[in-house]
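Please open the model in a viewer and keep the selection panel at hand. The tour below proceeds from one selection to the next.

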Amino acid sequence: MSEYLPKFDFVARLDFGIGKQGEAAAERVRGKHPVEDLLYDRLVDAIIDEQMCPGQHLNEVRLAERHNVPRSRVRRVLERLRDEDMVVFELNRGAFVCRPTVQDAHDIFEIRRSLEDLAVRLACERARPADIVILRKALPQALASLSASETETGRLAVNFHLALVRICGNESLEMMVAQLIRRCVLVQSVYQKASAVLCPSREFAGIIDCIERKDADAASALMALHFDHIAANLDLDEARGTGDAAHALV
Ligand SMILES: [Zn+2]
C-alpha cells in the first residue's frame, strides 16, 4: 500500500458540514448514530465520485477535527468501512482506502454478475409500471451524459444499477449489490484501461425493455453482455494501480 500516494488530500476537498441542525434532522430519520451515518454516507459518496482513491490515507484526527465529530465516531465509521472491505487499517499508519488485488477484482465481479443476474430476473417478475417509469427516467440522463463529467456519468450508472435492484423489493439483495458496486468502483479505479468506454449505457435501454416485457432470459443475457463489456475495459494486471489510474465507471 505504501507505494500508492494519494492524488490529493481527501479531507481538504470535502466539507461535510455536519452541524447541529443537520444532526437533529438526521437523528429524527436515522436513529441513534446520525453523525456516524452521515459521515459514512459522505465517505461512500466520495468513493463513488472518486474523490477518494485506492491507497489514500484517511486521517482520523483530521476527519474528526474538520467535521466536528468525536474521534471515536470517526473510528467507528472507518471500522464499518473496513468491515465492508472499503478501508484497511495498517499498523501504526492508520486507515487507507482499500486497493483491490487482481484476485479481489475477479471475486467481486463474479459475485456481482451473479447477484445482478438474479436482480434483473426478479425485476422482470416484480416490476410495476411505476418502476419502469423510474428506470426510464434514469436512462436519458445516463445516455445524455457523454457531455457530463466522468464523475457524473459514473454516479448515474451506479444509480441505474441501484434503481434496477430496488425493483426486486429485497433489501438484503439491495444492500449486497450496493456494497459490491462500491468495491467495483475501487476495482475500476485501479484497473480501468485509460481508453475505456463509458459504462455501456446502450444496454440499459434494452434491459428496461426486457423488464417491461417480463422477458427474464433476454434481460439476463443483456446484463451478462453489459458485464462482459465492463470486464473488457479492465486491465487486470497486478502491476497496475499507481494510485491515479483511469476513472471508474460501472
Ligand atoms: Zn453498468
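Select Ala232 to begin: it counts as exposed, with 12 C-beta neighbours inside 10 Å. Here a residue is exposed if 12 or fewer other C-beta atoms lie within 10 Å of its own, buried if 20 or more do, and partly exposed in between, the C-beta atoms being placed from the backbone. Ala232 is in helix α11. Add Lys193 to the selection; its C-alpha lies 8.9 Å from that of Ala232, although 39 residues separate the two in sequence.

Two remarks apply to every stop. Residues are numbered from 1 along each chain as its sequence is written. The model is predicted: local features need pLDDT of at least 70 and side-chain atom pairs count only at pLDDT 80 or more, while totals for chains, interfaces and linings use all residues.

**Helix α11**

Extend the selection to residues 216-232, which form helix α11. Helices (H or I, at least four residues) and strands (E, at least two) are DSSP runs, numbered from the N terminus. The 17 residues of α11 reach 24 Å from the first C-alpha to the last, close to the 24 Å expected at 1.5 Å a residue; the expected span is 1.5 Å times one less than the number of residues.

Which residues of α11 are buried? They are Ala219, Leu222, Met223, His226 and Ile230. Seen down the axis of α11, these buried residues fall within an arc of 100 degrees, so they line one face of the helix; the arc is that of the directions from the helix axis to the C-beta atoms. An α-helix has 3.6 residues a turn, so residues three or four places apart point the same way. Asp217 and Ala232 are exposed on the other side of α11.

Now display α6 (102-126) and α10 (202-213), against which the buried residues of α11 pack. Between α10 and α11, select Lys214 in the loop. Lys214 is not a glycine, yet its phi is positive, about 60 degrees. Most residues other than glycine have a negative phi. Lys214 is partly exposed, with 13 other C-beta atoms within 10 Å.

**Helices α6 and α9**

Keep α6 and add helix α9 (residues 171-191): the two pack at an angle of about 140 degrees, with their axes 9 Å apart. Axes are lines fitted to C-alpha atoms, for helices over the stretch in contact, and angles run from 0 to 180 degrees between N-to-C directions. That makes α6 oblique to α9; angles under 35 degrees count as roughly parallel, over 145 as roughly antiparallel, 65 to 115 as roughly perpendicular and the rest as oblique.

The crossing of α6 and α9 is left-handed. A crossing is left-handed if the near helix is turned anticlockwise from the far one by less than a right angle, and right-handed if clockwise. To see where the pair meets, colour the α6 residues that include Ile108, Phe109 and Leu115, and the α9 residues that include Met176, Leu180 and Val187. Contact requires that the C-beta atoms of two residues, placed from the backbone, lie within 7 Å.

**Helices α3 and α5**

Move to helix α3 (residues 34-48) and helix α5 (residues 71-83), which pack at an angle of about 50 degrees, with their axes 9 Å apart. These two helices are therefore oblique to each other, and their crossing is right-handed. On the α3 side, select Val35, Glu36, Leu39, Tyr40 and Leu43; they meet Arg73, Val74, Arg76, Val77, Arg80 and Leu81 in α5.

Within α5, Val74, Val77, Leu78 and Leu81 are buried. Seen down the axis of α5, its buried residues fall within an arc of 95 degrees, so they line one face of the helix. The face turned away from that side carries the exposed residues Ser72 and Asp83. What covers the buried residues of α5 includes α3, β1 (57-58), α4 (60-66), β2 (87-90) and β3 (94-97).

**After α5, and the whole chain**

Follow the chain beyond α5 to Asp85, whose phi is positive, near 60 degrees. In the loop between β2 and β3, select Asn92. Phi of Asn92 is positive too, near 65 degrees. Asn92 is exposed, with 4 other C-beta atoms within 10 Å.

Finally, show the whole chain, with its eleven helices and three strands. Buried residues make up 36% of its 250 residues. Among contacts between residues at least 6 apart in sequence, 77% join residues at least 24 apart.
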